[in-house]
Amino acid sequence: MKIVIKTTDGGVAIMTLVSGSDEAQAIEKWKLANPEKYVSHRQMPDSAIPTDRTFRAAWADITPELTIDIDMAKAAYVQPEPAPAPTKEQLMAELAALTAKIQALE
Amino acid sequence: MPVTIVGNNTPTAGGVVYGDGTNYASTAAGSSGQVLQSNGSSAPTWANASGLAAASQAEMEAATSNTVAATPLNTKSHPGVAKVWLRAAANGTSISASYNVTSITDNGPGSITVTIDTDFSSANYVITTFGAGSNANVSQTNWISAQAAGSFTAECINPTFTNVDPLSAWMFACFGDQ
């Protein structure tokens, strides 16, 4: 079970409680570490939380169903993180592969 | 040579024979668990065994006494001991291991809030944090964006100052007064 907190920016925060912990107290402490961001919260099953986080910045709780929605307006601005620059070893391997292909053509 | 016990030649059951400078004498039997205590040149006596008393929270926090004992219960009060620690998944939705934590919250990409069970006495405590994972070409930095006595929020950013999830895990340890 997760606690989905609606935030003032239109997004959601997904709280995971440690077994036996008090939900109301955890919410109050979350508010102290996230001033003026709380709107409301409700429980959702773990299965309602997407496993693909590509559009995490566009997650929202808009519809009444127990599921995470995607704010399409925000999703349009989500840019995937650029791939890291290749290492010297990776470039050398690519060069070797290209060299082999060129030699095969000769 | 026969040993003469003053007053009675029948040894006392559980008693211990000692010398008084002139004759041999015997102590009375002690009680179960008691230890024999020297009284210098006087007759030894049985006394209750006494160990170190457990240190109070104040004594643990002062960390100066050498005459009280640290116990499993009060060791957590010592200033050199982590009061909170946590390893959580990079997406902030599951906990691998933790101590004194009640919840974690995935606030969005590269942002997590941790709530504490037994709060610190104020917001003035130390948080060390790392993003676990290995990739020589990825540089990430964790920083604390908000801190209260019973909770804190951490962010993970890349070189372009964009929030991103850590490569494989969030890790925290907190030190301070409770």
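Two strands are taken as paired if DSSP finds at least two bridges between them. On this basis, the predicted model was examined for the strands of chain B that lie at its contact with chain A, beginning with β8(B).

Strand β8(B) and β11(B) run antiparallel and are joined by 5 bridges. Within this pairing, S111(B) stands opposite E155(B) of β11(B). β8(B) also pairs with β7(B), again in the antiparallel sense, over 6 bridges, and here I112(B) has D106(B) opposite it. The two strands β7(B) and β8(B) make up a hairpin in which 2 residues separate them. One residue of the turn, G110(B), has a positive phi of about 65°.

β8(B) is largely enclosed by the rest of the structure, because 6 of its 6 residues are buried. In a regular strand, side chains alternate between the two faces of the sheet. In β8(B), S111(B), T113(B) and T115(B) point one way, while I112(B), V114(B) and I116(B) point the other way. Residues on both sides of β8(B) are buried.

The contact between the chains involves 28 residues of chain B and 23 residues of chain A. On the chain B side, at least two residues each are supplied by β6 (95-99), β7 (101-108), β8 (111-116), β10 (141-148) and β11 (151-157). The largest share, 8 residues, comes from β7(B). By residue type, the side of chain B that touches chain A consists of 10 nonpolar, 16 polar and 2 charged residues.

Strand pairing also extends across the contact. Strand β2 of chain A (residues 12-17) runs antiparallel to β7(B), and 4 bridges join the two. One of the partnerships links L17(A) with S103(B) in β7(B). Thus β7(B) is bridged both to β2 of chain A and to β8(B).

Chain A further contributes helix α1 (residues 23-33), in which A26(A), K29(A), W30(A) and A33(A) are buried. These residues lie on the same side of α1(A), because they cover an arc of only 105° around the axis. The elements covering the buried residues of α1(A) come from both chains and include β1 (2-7) and β2 of chain A as well as β7, β8, β10 and β11 of chain B. β7, β8, β10 and β11 of chain B are also among the strands that each supply at least two residues of the side touching chain A.

Methods:
Residues are numbered from 1 along each chain as its sequence is written. Chains are lettered from A and ligands numbered from 1 in the order in which they are written. This is a predicted model: local features need pLDDT of at least 70, side-chain atom pairs count only at pLDDT 80 or more; totals for chains, interfaces and linings use all residues. Two residues are in contact if their C-beta atoms, placed from the backbone, lie within 7 Å. Ala, Val, Leu, Ile, Met, Phe, Trp, Tyr, Cys and Pro count as nonpolar, Asp, Glu, Lys and Arg as charged, and the others, Gly among them, as polar. A residue is buried if 20 or more other C-beta atoms lie within 10 Å of its own, exposed if 12 or fewer, and partly exposed in between; C-beta atoms are placed from the backbone. The arc is that of the directions from the helix axis to the C-beta atoms.
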